[in-house]
Amino acid sequence: MSVALVTGGSRGIGRVISEKLARQGFNVAICYSGNESAAQDTISECKKYGVQAMFIKADVSNEADVKNMFDEVKDLMGPVEVLVNNAGITKDGLLLRMSEEDYDAVVDTNLKGTFLCTKAAIKDMMKARKGKIVNITSIVGVNGNAGQSNYAASKAGIIGFTKSVAREYGSKGITVNAVAPGFIQTAMTDKLPENVKEDYLKQIPVGRFGSPEDVANVVEFLASERSDYVTGQVIEVTGGM
Ligand code: NDP
């Protein structure tokens with residue numbers, strides 16, 4: 001059975017992606033940064049589909065953590081064939097009030113984390129002459145958003161990174177794509193003020209916020225052989241926002 005690794009797979013969008021991949025028959029590894037009970041819950045759900053599942057505490061912005069994580073997954077389940085770079089954080093604020101620390105934390109987790117995990121995954125994918133990398137960016141990385149310059153920079157960076165790595169490894173049987181969600185109901189968006197949520201809703205033609213399931217459906221396609229001729233793309237999952 002093939003192995004899928006989902007970073008930040010313990011909660012929110014990553015959790016639903018992990019469960020969907022387990023349902024497709026992938027052995028699933030997830031990483032989380034602090035909330036172990038959420039990781040345990042996700043793993044229990046994945047195992048219901050009769051696959052192997054494991055969780056690892058790893059900070060995706062730390063190279064040693066990332067190396068250990070890939071080594072551990074390979075030892076226990078085999079090389080990673082599907083990598084979903086989903087772990088992400090926000091630390092919002094207007095530019096003039098944004099600290100260097102908040103800028104670095106967001107760019108390191110979102111963008112550097114994607115770089116480190118992709119680099120760690122690619123050698124085994126090259127050996128296997130197949131692999132699927134799906135990077136979770138954001139519509140904010142495409143359009144920008146006031147109060148999120150650090151987050152937008154990290155997510156726009158992921159788009160450039162995705163297109164470049166897709167060009168480097170297309171001939172090796174590896175596809176690299178990005179999914180750009182709009183407003184998805186998770187812990188990340190629950191913390192926004194009601195008036196901000198109402199404003200977002202007005203901009204969504206389909207008239208509702210997205211669910212983690214909406215995003216996971218597209219990731220499932222990009223992780224499957226049905227998408228073998230799709231690479232270097234950014235697929236927006238925004239309800240038309
Ligand atoms: P959540 O806040 O619900 O979950 C974030 C996940 O990432 C958790 O599993 C968390 O682990 C993990 N994580 C955070 N930092 C690290 C780290 N340094 N190393 C490893 N794991 C880490 O986020 P969402 O589900 O809302 O978002 C998932 C992705 O989708 C993110 O990349 C986000 O930017 C993107 N996105 C979300 C949108 C939305 O509307 N929700 C819209 C557009 C994009 P732990 O549980 O231990 O904290």
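This briefing walks through two helix packings and two pockets. The model is predicted, so please read every value below as computed from it. Helix H4 (residues 100-128) is a good place to start, as H4 packs with H3 and also crosses H6.

**H4 with H6**

- The axes of H4 and H6 come within 8 Å of each other, crossing at roughly 15°.
- Because that angle is under 35 degrees, H4 counts as roughly parallel to H6.
- The handedness of this crossing is right-handed.
- On the H4 side, the residues in contact are Asp102, Tyr103, Val106, Val107, Asn110, Leu111, Thr114, Phe115, Thr118, Ile122 and Met126.
- Facing them from H6 are Asn150, Tyr151, Ala153, Ser154, Lys155, Gly157, Ile158, Phe161, Val165 and Tyr169.
- By residue class, this contact holds 13 nonpolar, six polar and two charged residues.

**H4 with H3**

- Helix H3 spans residues 63-76 and packs on H4 at an angle of about 35°, with 9 Å between the axes.
- Here, too, the crossing is right-handed.
- H3 brings Glu63, Val66, Met69, Phe70 and Lys74 to the contact, while H4 brings Leu116, Cys117, Ala120, Ala121 and Asp124.
- Seven of these contact residues are nonpolar and three are charged, with no polar ones.

**The second largest pocket**

- This pocket has a volume of about 400 Å³.
- Its lining takes at least two residues from each of H3 and H4.
- Of the 17 lining residues, Lys67, Phe70, Lys119, Ala120 and Ala121 are nearest the centre.
- Phe70, Ala120 and Ala121 will look familiar, being among the residues of the contact between H3 and H4.
- The lining divides into nine nonpolar, one polar and seven charged residues.

**The largest pocket**

- The largest pocket encloses about 1000 Å³ of space.
- A total of 46 residues line this pocket, and Gly88, Ile89, Thr90, Thr186 and Met188 lie nearest its centre.
- Two or more lining residues come from each of helix H1 (12-23), strand S2 (27-32), helix H5 (139-143), helix H6 (149-169), helix H7 (187-190) and helix H8 (194-202).
- H6 therefore appears twice in this briefing: H6 crosses H4 at roughly 15° and is roughly parallel to it, and H6 also contributes to the lining of the largest pocket.
- Sorted by class, the lining of the largest pocket has 22 nonpolar, 19 polar and five charged residues.

Methods: Residues are numbered from 1 along each chain as its sequence is written. This is a predicted model: local features need pLDDT of at least 70, side-chain atom pairs count only at pLDDT 80 or more; totals for chains, interfaces and linings use all residues. Side-chain values use heavy atoms; hydrogens and water are left out. Axes are lines fitted to C-alpha atoms, for helices over the stretch in contact, and angles run from 0 to 180 degrees between N-to-C directions. Helices (H or I, at least four residues) and strands (E, at least two) are DSSP runs, numbered from the N terminus. A crossing is left-handed if the near helix is turned anticlockwise from the far one by less than a right angle, and right-handed if clockwise. Contact means heavy atoms within 4.5 Å. Ala, Val, Leu, Ile, Met, Phe, Trp, Tyr, Cys and Pro count as nonpolar, Asp, Glu, Lys and Arg as charged, and the others, Gly among them, as polar. On a 1 Å grid over the protein atoms alone, a cavity is a set of points where a 1.4 Å probe fits but cannot get out, and a pocket is an open set with protein on both sides within 12 Å along at least five of seven lines; lining residues have an atom within 4 Å of a point. Grid points are joined across faces, edges and corners, and a volume is the space filled by probe spheres set on the points. Angles under 35 degrees count as roughly parallel, over 145 as roughly antiparallel, 65 to 115 as roughly perpendicular and the rest as oblique.
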